[in-house]
There are 2 protein chains.
Amino acid sequence: METIAIGELSRRTRCNIETIRYYERIGLLPMPARRGRYRSFGLADVARVHFVRRARELGFTLDEIRALLGIATAEDMACGDAREIAASHLRQVRARITDLRRMERVLADTVRACDAGDQVGCPLITTLSATAQLGTI
Amino acid sequence: METIAIGELSRRTRCNIETIRYYERIGLLPMPARRGRYRSFGLADVARVHFVRRARELGFTLDEIRALLGIATAEDMACGDAREIAASHLRQVRARITDLRRMERVLADTVRACDAGDQVGCPLITTLSATAQLGTI
DNA sequence: CTACCATCTGTAGGAACTACAGACTCAACC
DNA sequence: GGTTGAGTCTGTAGTTCCTACAGATGGTAG
């Protein structure tokens, strides 16, 4: 059975060494075997770190990932639970996109006004000083 | 001249009391006068907190806001500088939207696969365990 | 033998707040 | 005058997801 050191695990997963140790500390990764003082990882660890990193790329929180890992390794793959986590996360992602699009619109308008240069004051400062709440835009 | 306590400032700006004190601590707000031990704010403070909150809603960092406040109160309104901050921030917002849309696509596809229910394993777990990098999707 | 790299533990920092604990002040009510 | 309750005060610690040290040790190459 192939065993690798933390540096090699880091290289294979493109995950920072410190981050791997952090994941271990918070219980996302099992405590690895040791060769002397050094951590000794197996292929299962490579897969697990890959899993975590991919889930992070999709914006799952570490707590969500912990739940997903539990499901992934459960005997009876509770797929419905996983679906719920993903669906709820999808809702959050969509809400965030909506937020950002609103920001984008205001920012783009402001920068355009700057470029037009036909206003009295600085358009950005004016926007931020305006009495209207941005939330209502 | 009207002066108000921190609670009233908080109500008028819909900004948490603790957050106002935090802004003062990090120098975003000037140290207010005191009536005895209590902070005493004026209308300029109301405007300033509003400004900060609006900028935060647009996703500016506190450091960016600090710069914007400097510009807003400078004699020679350095509008060009403000434009640059806004334009750079706009680029970041757009990049973030692109990221989130990628996430959204993968998540939506996965949830759809769950609902179709014609796969062998759990689609989400399968996606996260896949060898392909999400970054390349 | 020494240089060098990898790894170890433990702790602190960053961003933008939020949440206490425990003390104090002030106005109102009886 | 006493007491209740709300408001405020300071100071510190927690949140999330890492990242960055410092200082010690391990193993190997020249």
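**Exercise 1. Find which atom of DNA strand C a polar side-chain atom of A:R21 approaches, and place that residue in its surroundings.**

Step 1. In this predicted model, a polar side-chain atom of A:R21 sits 2.7 Å from a phosphate oxygen of DNA strand C.

Step 2. Widen the view to the strand. DNA strand C has 20 residues around it. The closest are A:G7, A:R21, A:R39, B:R53 and B:R56.

Step 3. Look at the DNA side. Of the strand C atoms that come within 4 Å of the protein, 74% are sugar and phosphate.

**Exercise 2. Identify the base atoms of DNA strand C that face B:E18 and B:Y38.**

Step 1. Take B:E18. An N or O atom of its side chain is 3.4 Å from a base nitrogen of DNA strand C.

Step 2. Take B:Y38. Here a side-chain N or O atom is 3.3 Å from a base oxygen of DNA strand C.

Step 3. List the elements that give two or more residues to this surface. Chain A supplies helix 1 (6-13), helix 2 and strand 2 (38-40). Chain B supplies helix 2 and helix 3 (43-57).

Step 4. Pick the top contributor. Helix 2 of chain B gives the most, with four residues.

Step 5. Sort the residues near DNA strand C by type. Eight are nonpolar, four are polar and eight are charged.

**Exercise 3. Describe how the protein meets DNA strand D.**

Step 1. Count the neighbours. DNA strand D is surrounded by 20 residues. The closest are A:T19, A:R56, B:R21, B:Y38 and B:R39.

Step 2. Check the DNA atoms within 4 Å of the protein. Sugar or phosphate holds 74% of them, and bases hold the rest.

Step 3. Go through single contacts. A polar backbone atom of B:G7 is 2.9 Å from a phosphate oxygen of DNA strand D. A:L62 places a backbone N or O atom 3.5 Å from a phosphate oxygen of this strand. A:E18 reaches a base: a polar side-chain atom lies 3.5 Å from a base nitrogen of DNA strand D.

Step 4. Name the elements with two or more residues on this surface. They are helix 2 (17-25) and helix 3 (43-57) of chain A, with helix 1, helix 2 and strand 2 (38-40) of chain B.

Step 5. Helix 2 of chain A gives the most to the surface near DNA strand D, with four residues.

Step 6. By type, the residues of this surface are eight nonpolar, four polar and eight charged.

**Exercise 4. Decide how helix 1 and helix 2 of chain B are oriented to each other: parallel or perpendicular?**

Step 1. Read the geometry. Helix 1 (residues 6-13) and helix 2 (residues 17-25) of chain B pack at about 105°, with axes 9 Å apart.

Step 2. Apply the cut-off. Angles of 65 to 115 degrees count as roughly perpendicular. The two helices of chain B are therefore roughly perpendicular to each other.

Step 3. Locate the contact. Helix 1 of chain B brings B:I6, B:G7, B:L9, B:S10 and B:T13. Helix 2 of chain B brings B:I17, B:I20 and B:R21.

Step 4. Sort these contact residues. Four are nonpolar, three are polar and one is charged.

**Exercise 5. Find how far apart the C-alpha centres of the two domains of chain A lie.**

Step 1. Set the bounds. The domain assignment gives domain 1 (6-59) and domain 2 (81-136) in chain A.

Step 2. Read the distance. The C-alpha centres of domain 1 and domain 2 of chain A are 37 Å apart.

How values were computed:
Residues numbered from 1 in each chain as written. Chains lettered and ligands numbered in written order. Predicted model: local features only at pLDDT ≥ 70, side-chain atom pairs only at ≥ 80, totals over all residues. Heavy atoms only, no water. Axes fitted to C-alpha atoms, helices over the stretch in contact; angles between N-to-C directions. Parallel < 35°, antiparallel > 145°, perpendicular 65-115°, else oblique. Contact = heavy atoms within 4.5 Å. Nonpolar A, V, L, I, M, F, W, Y, C, P; charged D, E, K, R; others polar. Near = heavy atom within 4 Å. Polar contact = N/O pair within 3.5 Å; in protein donor to acceptor, adjacent residues only side chain to side chain. Domains from an automatic or database assignment.
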